[in-house]
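Dear colleague,

I am passing on the structure below, together with some notes on what was found in it. Please read the notes with the structure open beside them.

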Amino acid sequence: MAASETIDLDRLELRPGEARSLDVELRPGSLDYGGGQYASGPRDGRLDVSRTAAGYALRLRFETLLEGPCMRCLADAGVGVRVDAREVDQPGGGEELESPYVQAGELRVARWAHDALALALPAQLLCRTECAGLCAVCGESLNDAEPGAHEHERPPDPRWDKLRELRLDR
Ligand SMILES: [Zn+2]
Ligand SMILES: [Zn+2]
């Protein structure tokens, strides 16, 4: 099944009050978030379409794995995100509600999936919930160090920089 860009809702020929669930393959694409790039591969999703008197009520659900740099230590991270989004499109009538993703009976499902994923992101994308981050002094990842073992007794001495340069030159 190829990933869908749009879905023709009118072709489902639902009458008001009728509903249908569709399996859709989604390609939410990549997101820029907190200075990092996060990619999400194709995912299977579930689209519930309900015909209302004047339009559609829609629900889109999928789970995905976002891959990109940990916001604390910059190591590769994979974060599972669960998306459950709803849209109502009811043009005309007294209570006018228009979804930006529905136009002339067509649902732009790929764009909706992308936007819904962006809204469902956790505040921080981390390699692990208790990621220790990077040492503020030397920039080394603290995840590999024994707890309390990574310490700097004095503020960095400029001579250390020289030493580090020498090591790099080797
Ligand atoms: Zn991390
Ligand atoms: Zn350090």
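Around the zinc ion (ligand 2), the 4 donor atoms subtend angles of 103 to 118°, which makes the arrangement tetrahedral; four donors count as tetrahedral if all angles lie between 85 and 135 degrees. This is a predicted model, in which local features need pLDDT of at least 70 and side-chain atom pairs count only at pLDDT 80 or more, while totals for chains, interfaces and linings use all residues. Residues are numbered from 1 along each chain as its sequence is written, chains are lettered from A and ligands numbered from 1 in the order in which they are written, and side-chain values use heavy atoms, with hydrogens and water left out.

The protein donors of ligand 2 are Cys135 (SG), Cys138 (SG), His150 (NE2) and His152 (NE2), which lie 2.0 to 2.3 Å from the zinc ion; donors here are N, O and S atoms within 2.8 Å of the metal (3.2 Å for Na, K and Ca), and water is not among the atoms, so sites may look incomplete. Along the sequence these donor residues are spaced C-x2-C-x11-H-x1-H. Cys138 and His152 both lie in the loop between H1 and H2, so the pair ties together parts that are 14 residues apart in sequence; helices (H or I, at least four residues) and strands (E, at least two) are DSSP runs, numbered from the N terminus. Cys138 is partly exposed, with a relative accessible area of 31%, and His152 is also partly exposed, at 29%, where buried means under 20% relative accessible area, exposed over 50%, and partly exposed in between (1.4 Å probe, protein chains only).

The zinc ion listed as ligand 1 has as its protein donors Cys70 (SG), Cys73 (SG), Cys127 (SG) and Cys131 (SG), at 2.2 to 2.4 Å, and the angles of 108 to 113° between its 4 donor atoms make this arrangement tetrahedral. Cys70 lies in the loop between strand E6 (56-69) and strand E7 (76-89), and Cys127 in the loop between helix H1 (109-120) and helix H2 (158-169), so this pair ties together parts that are 57 residues apart in sequence. Cys70 is buried, with a relative accessible area of 0%, whereas Cys127 is partly exposed, at 24%.

E6 and E7 form a hairpin with 6 residues between them, and Leu74 in the turn has a positive phi of about 70°. The two strands run antiparallel and are joined by 14 bridges; two strands pair if DSSP finds at least two bridges between them. Side chains alternate along E7, with residues including Ala77, Val79 and Val81 pointing to one face and buried, while others, among them Asp76, Gly78 and Arg82, point to the other face and are not.

The largest nonpolar core has 30 residues, and Leu9, Leu47, Val49, Leu60, Leu107 and Trp112 have the most contacts inside it; such a core is a set of buried Ala, Val, Leu, Ile, Met, Phe, Trp, Tyr and Cys residues joined through side-chain atoms within 4.5 Å. Strand E2 (19-26), strand E5 (43-51), E6, E7 and H1 each give two or more residues to this core. A second, separate core of 5 residues includes Cys70, Ala77, Leu126 and Cys131.

Finally, 3 strands form an open antiparallel sheet in the order E1-E9-E8.

With best wishes

Notes. Four donors count as tetrahedral if all angles lie between 85 and 135 degrees; four count as square planar and six as octahedral if opposite donors are over 155 degrees apart and all others between 65 and 115; anything else is irregular.
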